[in-house]
Amino acid sequence: MKIVICGKGGCGKSTVTSLLARSFVKNGFSVLVIDTDESNFGLHRQLGLDLPPDFMGYFGGKKAVGERMVRAAPNRGAVSFFDKPWTFADLPQAYLSGGDGVKLIAIGKIHEAGEGCACAMGMLAKQFIGNMRTNGNEVILTDTEAGIEHFGRGIEEHADAVLMVVDPSCESLKLAEKVAELSGSLGKPVYFVLNKVDGSNERYLRNTLGARHPVAAAIPADPSLALAGLRGDPVAGESAAVEDLSRVLRNSLAA
Ligand SMILES: Nc1ncnc2c1ncn2[C@@H]1O[C@H](COP(=O)(O)OP(=O)(O)OP(=O)(O)O)[C@@H](O)[C@H]1O
Ligand SMILES: [Mg+2]
């Protein structure tokens, strides 16, 4: 099962990814979290793990990956970084953090001024997700950067579902419409997850999303999550809403 988590900046994508990862583990799953956000360095902390080395290093680093892309450009899309499908057992230990339960791979981060765009990361992430094979007890959660650039890069192409995190903002509601449209064009189901809600804004969000975009879960605004985020602590505790969400995903995607 492969799920891509998306949403506007700061809506809670990485928090929801971390909570879901823990919930899947609790329910007997092995979880691979793929960090495709080249700008933020926080997901590993939210998961309580070390930051792994850039996965691009396995293929020679960003420059080498970029050069292979450029060489292949005349035959668009012909460059391929994998010669056989991978299972969880094939993941290179040197580029993983975590262990039993949750494993984390970070495709690549921006480290230096002027190092160039992140196209190489996007292409590798898309191929990596497409190349992974999962069994019924494994899930891959891909955390994305804010916005919808990742749709342009094709990150969703090999996912089973898109999880759209919606915080109480007009921007999020607008983005939800766009994500529904983009996911629909790829034939991917979208699970809308409200985050940081209270009674009144939850009602407004549900009404605005309407029957066309049913809400799979609503996670309340939680001061302890906000404080953990501020301090850079791991996301801890259990959320009844996330447990419900994980059950919905397990039931509908395993079917
Ligand atoms: N339900 C919640 N209640 C309170 N605070 C929350 C909740 N969910 C997330 N936060 C806080 O909101 C902030 C942003 O969360 P997070 O980093 O998960 O968002 P993001 O969408 O991944 O951001 P980015 O776009 O920068 O990657 C963090 O400080 C986090 O602790
Ligand atoms: Mg994030």
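**Reading aromatic pairs**

Modeller: F55 and F128 are both buried (buried: under 20% relative accessible area; exposed: over 50%; partly exposed in between; 1.4 Å probe, protein chains only). This is a predicted model: local features need pLDDT of at least 70, side-chain atom pairs need 80 or more, and totals for chains, interfaces and linings use all residues. Residues count from 1 along each chain as written, chains are lettered from A and ligands numbered from 1 in written order, and side-chain values use heavy atoms without hydrogens or water.

Biologist: How many aromatic pairs are there?

Modeller: A pair of rings is described by centre distance and plane angle. Phe, Tyr and Trp (six-membered ring) pair with centres within 6.5 Å; planes under 30 degrees apart are stacked, over 60 edge-to-face, the rest tilted. The count here is 14 aromatic pairs. F55 and F128 have centres 4.6 Å apart and planes at 40 degrees, so they are tilted.

Biologist: Which parts does that pair tie together?

Modeller: F55 is in the loop between α2 (43–47) and α3 (62–72). F128 is in helix α4 (residues 119–131), so the pair ties parts 73 residues apart in sequence. Helices (H or I, at least four residues) and strands (E, at least two) are DSSP runs numbered from the N terminus.

Biologist: What angle separates the planes of F59 and F82?

Modeller: 70 degrees, with centres 5.4 Å apart: edge-to-face. F59 sits in the loop between α2 and α3. F82 sits in the loop between α3 and β3 (97–98), 23 residues apart from F59. Both F59 and F82 are buried.

Biologist: Which residues form one aromatic cluster?

Modeller: F55, Y58, F59, F81, F82, W86, Y95 and F128.
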